[in-house]
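Reader: Please take a close look at one part of this model and describe the setting of the residue chosen there. I should then welcome a connected account that extends to other parts of the chain.

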Amino acid sequence: MTNHTPEVASGPRLHALIVTIDRYKDRKIPDLKGCTVDGDNMERFLVDTFPSRQIRRLANEDATRSAILDAFETQFTTNSGVQKGDPMLFFFAGHGSRVKPHDDWHTETDEVEALVPYDQGSSENSVVYGIPYLTLRRLVQKLASVKGNNIVRVRKPILGRTLNRNIYR
């Protein structure tokens with residue numbers, strides 16, 4: 001009698017989303033240096049070890065608020081290639097800010113930290129806000145319930161003085 005076990009994908013299982021922003025659409029937000037280089041280095045390190053199909057990169061104008069949130073869902077939460085318990089890495093290098101929380105948010109402080117996407121700011125027709133850490137926390141909690149709690153978040157937000165104020169309200 002032969003023992004038949006289901007075939008399991010072999011090889012490294014890490015999945016990654018790398019987001020780096022040096023240049024911003026809104027000229028009120030100062031450009032940065034080095035975020036894209038940090039992302040290049042991280043991507044190169046990961047691609048040397050893991051299949052490139054498991055690594056997604058958003059940089060500068062591709063790193064809009066909606067693109068970051070959509071990529072988080074599709075790269076991790078709804079990705080059928082990510083098995084329960086697989087390690088997942090979210091890497092962000094760019095501006096961070098502190099914003100006043102909405103009235104219905106239950107926070108212990110007067111400000112919450114946020115990632116600044118490429119398109120944050122005002123235009124004649126709309127306002128694009130940053131991605132509060134509370135939003136990231138909810139995404140990570142949802143991901144952990146679906147795929148397991150093997151998630152690493154590396155955030156290198158640059159908190160500049162001009163961004164520490166809520167300049168878009």
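Author: His95 is found in strand β3 of what is a predicted model. Its relative accessibility is 3%, and because buried means under 20%, His95 counts as buried. The side chain of His95 has a polar partner: one of its polar atoms lies 2.7 Å from the backbone oxygen of Pro30.

Strand β3, residues 88-99, also takes part in covering the buried residues of helix α2. Other elements that cover them include β1 (15-20), β2 (55-59), β7 (131-132) and α3 (133-147). On the helix itself, the buried residues are Ile68, Leu69, Ala71, Phe72, Glu73, Gln75, Phe76 and Thr77. The list thus includes Glu73 and Gln75 along with Phe72 and Phe76. The length of α2 can be checked as well: with 13 residues (65-77) at 1.5 Å a residue, the helix should span 18 Å, and its end C-alpha atoms are 17 Å apart, which agrees.

Helix α3, one of the elements covering α2, leads to a further site. Gly148 lies in the loop between α3 and β8 (151-158). At 10% relative accessibility, Gly148 too falls under the 20% limit and therefore counts as buried. Leaving aside neighbours within four places in sequence, Gly148 is in contact with Lys84, Gly85, Met88 and Leu143. Of these, Met88 is 60 residues from Gly148 in sequence, yet the two C-alpha atoms are 9.6 Å apart in space. Met88 belongs to the residue range of β3 (88-99), and this contact with Gly148 brings the account back to the strand in which His95 is found.

Key. Residues are numbered from 1 along each chain as its sequence is written. This is a predicted model: local features need pLDDT of at least 70, side-chain atom pairs count only at pLDDT 80 or more; totals for chains, interfaces and linings use all residues. Side-chain values use heavy atoms; hydrogens and water are left out. Helices (H or I, at least four residues) and strands (E, at least two) are DSSP runs, numbered from the N terminus. The expected span of a helix is 1.5 Å times one less than its number of residues. Buried means under 20% relative accessible area, exposed over 50%, partly exposed in between (1.4 Å probe, protein chains only). Contact means heavy atoms within 4.5 Å. A polar contact is a pair of N or O atoms within 3.5 Å; within protein, one must be able to donate a hydrogen and the other to accept it, and residues adjacent in sequence count only if both atoms are side-chain atoms.
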